[in-house]
Amino acid sequence: MSDMKTAHCTPPKVVHKPLKVVNIGLQSFTESLRSQGVQVVQVNWRPPVNRDPEIDTLLEDLL
Amino acid sequence: MSVQKTFVQRNRYADSVTLMGIADRVKRSCGVDLVEVQMGTPANLEVLRGLGFKFSDGTGSGDLIVAIEAKDEAALETAYGQVVDRLDHKGTAQEDGASFNTLEEAGSEAADCDLCLISLPGEYAAAEAEKAINMGLDVFIFSDNVSLEEELHLKRLGEEKDVLVMGPDCGVGLLGGVALATGSIVGSGPVGIVAASGSGAQEVACIVEKAGSGVSALIGTGGRDLYPQIGGISMLKGMKRLAADPATEVIVLVSKLADRAVMENVLDAADKIEDKPVIAVFLGSDDELFAAHRVIPAFSLEAAALQAVKAATGRETDFGYTTAEIDEIVRRETAKYAEGQKYLRGIYCGGTFAEESLIHFHKSCPDIGLFCNLKTPYAKQLADPRKSVGHTLVDMGSEDFTRESPHPVFDLEQRLKRFRQEVEDSEVAVILLDFITGPGVNEDPITPFTEACAEALARRNGALTMIAAVCGSENDPQDVGTRERELREAGVIVTASNYQSTRLASAFLKALS
């Protein structure tokens, strides 16, 4: 019973509270969110470096 | 004689929308012939080579390419200087929040957030989404090209961690009054929306606002959520959230036609929500689907929005054209046409708008022989998506077009080019357009078309009908009211919704055949 009561009192997540967003990707989405007064943590993601398989093999041999 | 030069910045990355924005601004401010700023992917390099640009050996995906064509060396160097300046200053204004290189580095700052918005290239999106879900964050995945297997894995993990997985390929959202990704800033109110269709959800939200009500939340699920492999996991969860939300009084479910068993399952779950009316629009569905359910059916996006407003406020809304008004417009316009003007061309950026129109045309004019670039039961498929045949409707937000440049809600060039191509075709009588506004899309997606429409009408001596609907909120930064007025002043028929555009276009199709 107490569990049910607790569950019932828990406010639904992310429907109404002021949002704080972590943005990974398009910079323009961060700008859009900030223009709406949202706190944004921006992750400046970049693609992983493509490593040459030959160099990987050489490194494995060396190490 | 102009000069061309390519500059390569090794190991530098920025997203395609940012780069497109920089190229556009520099092109406008310097008046040079051509500025392209792109990552050196094989596809981009091929396009640039086709334009005559050359690259040193070893130029690749990890390099940023600046390709400029200008009247002389001085203009070229000035333009390059501006590109570099803009690249160096992009996103450095971090006074409103922190900036990190990875989600792991963001650590407790990220964990303190409510939501993680991901718009990476598809092959990298799932890995970042998984990290965010494991941190307990709701995730909104804008990226497409994420496999169904990855989607299922993420959504199951989301269930385990009790977080909502919106997407992949989720275009719009509205949470806590905040427009996410390409969504509109629709005012608050009692209508909650869960949608497997981005532009469809946005249309419902904007019509709810136009009809004098507002939206409590718009939860996107991604277009494949109602596939049998996924089973509507996010739609069921979104519905549950809205059912528990005290500010939501009415729930609207929006999707294209999906797997029958999944739709039935979603409707079964909706039937169990006893204290809130649920309205569902599954575009292309029939009455029979709803026969055994309490859910209120709607068969257009506009009807779903108006049903929701009625359920929330008890108010009926007088919306759109009367049949007499449509007849009058068609009579007035067709009287101007020259001999041989007989075709309709729809140039859409909203996928669900294209679908809604195709369904309506298929139903109301089954014998007209409509063409579309999409593989759909409602039209024949174009042999070449870039070339219209007879009555044609193209979805320029589809992969046929987005492989080469950003989606048309960001980059207007391809759609403007297609518009001009259709205007050149003397057999074209009617052009159908949609526009989408919001803080996350192009800062002015309408004015360049307004100008192009005015030019087109002058070129055709007034004998061309252009119909447009704007899907947007009065709160969006583009100033929708002014843009609509300017479109009207340019001679465009601006309708209240895509459904109204479609009704009108349908009457033209009948008159032209």
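**Exercise 1. Backbone outliers in the loops of chain B**

Task: Locate Asp479(B) in the chain, and state how its backbone and its exposure are to be described.

Solution. Asp479(B) sits in the loop that connects β20 (465-471) with α17 (480-489) of chain B. The structure is a predicted model, and in it the phi of Asp479(B) is positive, about 60 degrees, although the residue is not a glycine. For exposure, the count of C-beta neighbours inside 10 Å is required; Asp479(B) has 15 and therefore counts as partly exposed.

Task: Apply the same steps to Asp162(B): in which loop does it lie, what is its phi, and is it buried or exposed?

Solution. Asp162(B) belongs to the loop between α6 (148-161) and β7 of chain B. Its phi is positive at about 55 degrees, and this residue is likewise not a glycine. Asp162(B) has 10 C-beta neighbours inside 10 Å, so it counts as exposed. The cut-off behind this step is that a residue with 12 or fewer such neighbours is exposed.

Task: Which peptide bond of chain B is cis, and where is its proline placed?

Solution. The cis bond joins Gly167(B) and Pro168(B), with an omega of about 5 degrees. Pro168(B) falls in the loop between β7 (165-166) and β8 (172-175) of chain B.

**Exercise 2. The three-stranded sheet of chain B**

Task: Give the strand order of the sheet that contains β1, β2 and β3 of chain B, and explain which strands stand at its edges.

Solution. The sheet is open, its three strands follow the order β1-β3-β2 (chain B), and the pairing is antiparallel. β1 (3-9) and β2 (34-39) of chain B each have a single partner strand, so they stand at the edges and one side of each lacks a neighbour in the sheet. From one strand to the next the twist averages 10 degrees.

Task: Describe the pairing of β2(B) with β3(B), including its register.

Solution. β2(B) pairs with strand β3 (residues 64-70) of chain B over six bridges in the antiparallel sense. Two residue pairs illustrate the register. Met39(B) has Leu64(B) of β3(B) as its bridge partner, and Val37(B) is opposite Val66(B) in β3(B).

Task: How many residues of β2(B) are buried?

Solution. Five of the six residues of β2(B) are buried, and the strand is thus mostly covered. In a regular strand the side chains alternate between the two faces of the sheet.

**Exercise 3. Domains and overall form of chain B**

Task: State the domain division of chain B, and characterise the contact between domain 2 and domain 3 of chain B.

Solution. Chain B is divided into domain 1 (3-89), domain 2 (103-313) and domain 3 (323-512). The C-alpha centres of domain 2 of chain B and domain 3 of chain B are 27 Å apart. In their contact, 24 residues of domain 2 of chain B meet 23 residues of domain 3 of chain B. On the side of domain 2 of chain B that touches domain 3 of chain B, two or more residues come from each of β9 (178-181), α7 (198-210) and α11 (301-313) of chain B. α7(B) gives the most to this side, nine residues. By type, the residues of this side of domain 2 of chain B comprise eight nonpolar, eleven polar and five charged.

Task: Why may chain B be called as compact as a globular protein of its length?

Solution. Chain B contains 18 helices and 21 strands. Its radius of gyration is 23 Å, close to the 24 Å that the globule rule gives for 513 residues, so chain B is as compact as a globular protein of that length. Along the principal axes, its C-alpha atoms fill a box of roughly 70 × 65 × 40 Å. Of the 513 residues of chain B, 52% count as buried.

**Exercise 4. Chain A and its contact with chain B**

Task: Outline chain A, then describe how chain A and chain B meet.

Solution. Chain A has three helices and two strands, arranged α-β-α-β-α from the N terminus on. Of its 63 residues, 35% count as buried. The contact between the chains takes 35 residues from chain A and 47 residues from chain B. Elements of chain B that each supply at least two residues to the side touching chain A include α1 (16-30), α5 (122-134) and β11 (215-220). The residues on this side of chain B divide into 25 nonpolar, twelve polar and ten charged.

Task: Which strands pair across the two chains, and are they parallel or antiparallel?

Solution. Strand β1 (residues 20-24) of chain A and β5(B) run parallel and are joined by four bridges. Within this pairing, Val21(A) is opposite Leu115(B) in β5(B).

Definitions and conventions
Residues are numbered from 1 along each chain as its sequence is written. Chains are lettered from A and ligands numbered from 1 in the order in which they are written. This is a predicted model: local features need pLDDT of at least 70, side-chain atom pairs count only at pLDDT 80 or more; totals for chains, interfaces and linings use all residues. Two strands pair if DSSP finds at least two bridges between them. Axes are lines fitted to C-alpha atoms, for helices over the stretch in contact, and angles run from 0 to 180 degrees between N-to-C directions. Domain bounds come from an automatic or database domain assignment. Two residues are in contact if their C-beta atoms, placed from the backbone, lie within 7 Å. Ala, Val, Leu, Ile, Met, Phe, Trp, Tyr, Cys and Pro count as nonpolar, Asp, Glu, Lys and Arg as charged, and the others, Gly among them, as polar. The radius of gyration is taken over C-alpha atoms; the globule rule is 2.2 Å times the number of residues to the power 0.38. A residue is buried if 20 or more other C-beta atoms lie within 10 Å of its own, exposed if 12 or fewer, and partly exposed in between; C-beta atoms are placed from the backbone.
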